[in-house]
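Hi everyone, thanks for making time for this. I'd like to walk you through a structure and stop at a few places along the way. Please have it open while I talk.

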Amino acid sequence: MGALQSLPGKPEYVDLAEKTGFSFEQIGILHNRFKQLSHNEETLLRDHFNDIPDLACNPIRLQIIEAFFDRRNFRQNGEGTVEEIGFKEFLVVMSHFKPPSLHMTQEQRESIRRDKLRFLFNMHDADNDGTITLEEYRHVVEELLSFSEALEKDTAKSIADAAMLEVASISMGHMEPDEFYEGITFEHFLKLLNGFEIESKMNIRFLNMDTTTLCK
Amino acid sequence: KSALLRCAPRWSSFLPLTGLMCVLLLVFVSVASASRDVVSENNETWRGPAGETRGDSHNQTNSTAHKKAFPVLSFNYEHVRKPFEISLWILLALLMKLGFHIIPGVQNIVPESCLLIGVGLLVGGIIKAIGEEAPVLDTKLFFLYLLPPIILDAGYFLPIRPFTENMGTILVFAVVGTLWNTFFIGGMIYGVCRIEGGQLASVDPLSCLLFGTIVSAVDPVAVLAVFEEIHINELLHILVFGESLLNDAVTVVLYHLFEEFTHAGTVTVVDAILGVVCFFVVSLGGILVGAIYGILGAFTSRFTSHTRVIEPLFVFLYSYMAYLSAEVFHLSGIMSLIACGVVMRPYVEANVSHKSYTTIKYFLKMWSSVSETLIFIFLGVSTVAGPHAWNWTFVIVTVVLCLVSRVLGVIGLTYIINKFRIVKLTKKDQFIVAYGGLRGAIAFSLGFLLTNSEMKNMFLTAIITVIFFTVIVQGMTIRPLVDLLAVKKKKESKRSINEEIHTQFLDHLLTGIEDICGHYGHHHWKDKLNRFNKAYVKKWLIAGERSTEPQLISFYNKMEMKQAMMLVESGSTAQLPTIVSSVSMQNIKPRGPARQRAIPSISKSREQEIRKILRANLQKTRQRLRSYSRHDLMIDPFEDNVSEVRFRRQRVEMERRMSHYLTVPANRQETPPVRKVCFESEHKVYTYDDSKSPRGWTAEPDPSPPDAVSLLNESSQRANQSSEHRAKHNDELRAKVPDEKEEQDQLKLSRCLSDPGPNKEEDLS
């Protein structure tokens with residue numbers, strides 16, 4: 001089965017396992033998937049993602065794909081986007097979806113929470129100015145609703161406006177009529193989704209069994 | 001009475017309450033004893049026709065004997081005896097429940113279920129002391145009338161998301177856990193009986209297993225009753241509660257299995273295999289029956305737009321039919337009921353009117369509350385009434401074994417389950433799950449159904465003891481334990497639009513990541529199901545335009561509706577909610593050029609509905625003001641104008657509040673821009689035309705030009721006097737406003753509901 005591929009001797013796996021927290025089997029499986037997606041090349045391009053048929057019916061497909069090419073998610077404090085990624089970056093992005101392990105201290109949990117929420121924030125904040133402006137938020141809602149037909153565009157706008165207003169109220173409290181709320185900063189974002197328990201929800205079950213043969 | 005007098009100096013207010021309760025108890029008891037006579041008579045022979053003929057002959061003899069005067073006032077109790085008794089029982093039970101909530105302090109220590117059992121015990125004791133025979137919890141009554149409302153209430157309002165997310169865990173606990181409990185308790189009891197000898201020696205293994213089945217199932221009624229009050233976090237609540245619902249299939253199968261076997265005498269391997277097959281048939285069959293009725297109910301609700309009044313009845317009747325149909329085939333009625341409620345709910349809620357939705361909710365809550373109360377009281381009464389065979393060893397061993405097996409089962413299963421869960425169950429969670437396994441009335445009723453009379457009494461005694469122990473001891477101590485262990489409690493906050501957006505976003509994100517990873521996991525299948533639902537099922541089962549409404553929009557609309565209702569209800573004289581923030585729309589809108597913006601955000605029919613609600617309320621407010629204006633402290637000598645003024649003030653208040661979005665509290669400040677927006681844009685109300693007007697509306701059947709002109713005057717007038725509403729003195733201006741402006745006010749209000757538009761100070765200044 002897949003166990004044979006996870007030769008503990010592979011040095012790069014050791015390094016990756018340390019960095020991302022995946023086990024050797026999981027890294028092996030993801031490597032297989034990477035090779036499958038990239039048609040055995042070294043790097044992945046955006047077009048490779050576009051080829052995944054299941055992804056086609058996902059309304060936020062573009063944002064997801066962008067997230068893989070966003071340097072802010074590579075945990076190296078980089079900025080901007082890249083055109084192609086290697087397996088290491090692929091794995092680092094995937095590691096954002098690892099569930100927290102059972103025995104963790106409160107600080108570790110907190111840091112994992114921040115990590116995941118940072119990922120979400122980066123997805124919303126497309127122009128990387130550190131805030132999610134009203135336009136960006138509207139874009140998010142529009143994308144979410146993009147696959148439903150009989151939609152008035154303005155509904156999406158008002159929903160986004162409502163949400164923005166709520167964030168502003170929660171974060172800012174009192175504002176004078178002529179003050180202007182620039183956008184949702186990361187701190188406000190944290191405060192907003194405080195009760196959301198993201199560390200329990202934003203997780204993928206990374207299997208230890210090779211399933212690449214089962215799906216395209 | 002002397003005890004009461006002694007207490008009097010300490011709690012002077014306590015005395016009348018206790019006195020009242022005693023009076024109620026006495027009435028209760030006398031009725032119970034009287035009804036017992038009737039019921040026992042009816043049970044023995046059906047004397048109906050005989051009784052009537054006796055009455056007739058009596059009358060005849062009277063008339064033949066001597067001519068009586070025409071009776072002006074006569075007493076004929078027999079005529080209404082049965083319904084009268086039943087109603088009185090229910091009424092008194094509910095008065096008891098009321099009494100508990102009035103007496104201060106008791107509520108926090110003792111859960112309601114314990115109190116009700118206590119009352120039942122008391123009543124039963126008194127009845128027995130009088131010498132009458134107390135009524136027993138009739139099994140048919142319980143399973144056909146008392147249990148379904150509770151289960152339907154639970155199933156209809158089952159939180160689907162946590163339930164499906166934890167479905168694997170719940171199933172493992174329900175099926176494997178109950179099996180383990182049954183065999184462990186049954187086996188150990190048999191062993192103990194063998195060792196003990198004496199009276200217990202005659203117990204055979206199958207009876208023990210049967211007993212184990214009855215006593216090991218976690219009871220949904222008891223769990224609901226206790227967990228409702230401790231507000232534990234969602235995960236634990238759904239684990240214990242889900243388990244109590246789903247183990248019904250196991251219980252049904254095992255019960256019938258063992259009962260058949262005790263009659264048959266021998267067990268073969270074939271029988272065992274058939275038992276397993278039977279389990280699948282019972283559970284899946286029950287779910288299927290429920291789902292069919294659920295779809296029928298949803299389909300029916302699609303056409304009820306013209307007969308709104310009977311909509312709730314469809315929900316209740318289809319669900320009850322699902323339960324009864326499942327019971328006909330000995331399938332699991334509980335699972336059928338749950339499946340029906342779960343399947344029906346999303347479609348019915350999209351179809352029915354808001355009032356019907358409220359009706360359904362309140363009727364379900366009401367019936368389940370009554371049922372629960374009656375069940376617990378009857379449990380207490382039956383305890384005193386029933387024949388008992390107390391055997392110290394048996395009872396003690398049973399109680400201990402129940403606890404031990406539950407704890408072992410939970411620990412063992414969690415060890416296995418945690419290998420497959422993403423969010424593992426901690427030790428605290430395990431403790432609560434184990435401790436929350438309460439037994440209740442279902443166990444009692446099943447025990448009552450036992451036919452083997454020699455062991456029956458002993459079993460019943462043990463069952464009752466277990467029920468009492470779990471409900472009273474565990475029920476009372478679970479709350480302090482939850483506090484002691486600092487178990488996470490339920491989040492109090494209501495769903496906000498941001499959380500909804502992010503829930504959806506996360507769903508799609510995780511589905512996408514799963515697709516990229518190449519796993520066909522949990523999210524993938526959920527997404528497929530949602531798409532199937534949207535593409536095919538919704539078109540069939542939801543009427544009109546709502547069938548294509550995405551979930552986010554329906555959530556948004558629902559919240560708008562709720563906000564409107566809340567405003568309407570709290571509207572005129574109630575205190576405003578504490579205003580937290582003063583942020584309003586203009587704070588977040590970019591100060592760019594006035595781009596073309598369309599305001600409307602909710603569909604026409606919804607807007608109609610909201611407008612109707614607002615109009616109705618404003619009219620009511622007006623009427624109320626007219627009649628209550630004397631109570632208004634801020635009195636102005638001219639009554640008419642006072643009401644007018646108050647009305648204005650309130651309407652402005654409402655407008656202001658509605659000029660914000662749903663979850664956001666209203667802007668306290670008298671921000672002129674906000675109000676001006678509402679007023680000013682009125683004259684642009686006709687057509688939705690992007691190119692011409694900077695702020696267009698959707699086309700609406702709207703007031704004709706002459707009105708618009710006067711509106712314009714009016715709005716400019718009001719814009720000038722925007723800050724004046726606080727003064728409440730400019731009567732003549734207010735009084736001038738004609739009544740039909742109400743119409744436009746409501747239109748404005750409903751506009752303002754969604755978006756008051758961009759800041760317009762620069763336009764007006």
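I'll take the two chains in turn, then their contact, then some salt bridges and a surface patch.

One thing to say early: what you have in front of you is a predicted model.

Let's begin with chain A. It has 216 residues, and 51% of them are buried. The secondary structure of chain A consists of 10 helices and 4 strands. If you read along the sequence, the order is α-α-β-α-α-β-α-α-β-α-α-β-α-α. Looking at contacts in chain A between residues at least 6 apart in sequence, 56% of them join residues at least 24 apart. The accessible surface of chain A is about 10100 Å², and carbon and sulfur atoms hold 52% of that.

Now chain B. Here we have 765 residues, with 52% of them buried. The count of elements in chain B is 31 helices and 2 strands. For contacts in chain B with a separation of 6 or more, residues 24 or more positions apart account for 81%. The accessible surface of chain B comes to about 36100 Å², with 65% belonging to carbon and sulfur atoms.

So how do helices from the two chains meet? Please find helix α8 of chain A, residues 153-172, and helix α21 of chain B, residues 497-517. Their axes are 8 Å apart, and they pack at an angle of about 120 degrees. Because of that angle, α8(A) counts as oblique to α21(B). On the α8(A) side the residues involved are I159(A), A162(A), A163(A), E166(A) and V167(A), and they meet I497(B), N498(B) and I501(B) in α21(B).

Helix α21 of chain B turns up again when we look at helix α4 of chain A. Which residues of α4, residues 61-68 of chain A, are buried? They are Q63(A), I64(A), I65(A), A67(A) and F68(A). Within chain A, these buried residues pack against α3, β2, α5, α6 and α7, and from chain B they have α21 as a partner.

While we are in chain A, have a look at helix α6, residues 106-124, where R118(A) is found. R118(A) has 34% relative accessibility, so it counts as partly exposed. The C-alpha atoms of R118(A) and F189(A) are separated by 9.0 Å, with their positions 71 residues apart along the chain.

On to charged pairs. Side chains of opposite charge can pair when their charged atoms come close. How many salt bridges does the structure hold over all chains? There are 19, and I've picked three to show you.

The pair I'd start with is R46(A) and E83(A), with 3.2 Å from N to O. R46(A) sits in helix α3 of chain A and E83(A) in the loop between α4 and β2, so to speak distant parts of the chain, 37 residues apart. Is each partner buried or exposed? R46(A) is buried, because its relative accessibility is 19%, whereas E83(A) is exposed at 54%. Both also belong to a network of salt bridges that includes E66(A).

In chain B, K365(B) and D153(B) form a salt bridge at 3.5 Å, N to O. This pair links helix α16, residues 354-385, with helix α7, residues 139-156, and the two residues are 212 apart along the chain. K365(B) is partly exposed with a relative accessible area of 38%, while D153(B) is buried at 9%.

My third pick is E243(B) with R406(B), where the closest N and O atoms are 3.0 Å apart. E243(B) lies in helix α12, residues 234-264, and R406(B) in helix α17, so this pair ties together parts of chain B that are 163 residues apart in sequence. E243(B) is buried with a relative accessible area of 2%, and R406(B) is buried as well, at 6%.

Let me stay with helix α17 of chain B for the last stop. Which helix gives the most to the nonpolar surface patch? It is α17, residues 392-417, with 6 residues. The full patch is W180(B), W390(B), W392(B), I396(B), V400(B), L403(B), V404(B) and L408(B), and together they have about 770 Å² of accessible area. I396(B) is in α17, and with 44% relative accessibility it counts as partly exposed.

That's my tour; thanks for listening.

Notes: Residues are numbered from 1 along each chain as its sequence is written. Chains are lettered from A and ligands numbered from 1 in the order in which they are written. This is a predicted model: local features need pLDDT of at least 70, side-chain atom pairs count only at pLDDT 80 or more; totals for chains, interfaces and linings use all residues. Side-chain values use heavy atoms; hydrogens and water are left out. Patches are made of residues with over 30% relative accessible area and no salt bridge: like charges are joined within 9 Å, nonpolar side chains (Val, Leu, Ile, Met, Phe, Trp, Tyr) within 5 Å. Accessible areas come from the Shrake-Rupley method with a 1.4 Å probe; for residues, only the protein chains shown count as cover. A salt bridge is a side-chain nitrogen of Lys or Arg within 4 Å of a carboxyl oxygen of Asp or Glu. Buried means under 20% relative accessible area, exposed over 50%, partly exposed in between (1.4 Å probe, protein chains only). Contact means heavy atoms within 4.5 Å. Axes are lines fitted to C-alpha atoms, for helices over the stretch in contact, and angles run from 0 to 180 degrees between N-to-C directions. Angles under 35 degrees count as roughly parallel, over 145 as roughly antiparallel, 65 to 115 as roughly perpendicular and the rest as oblique.
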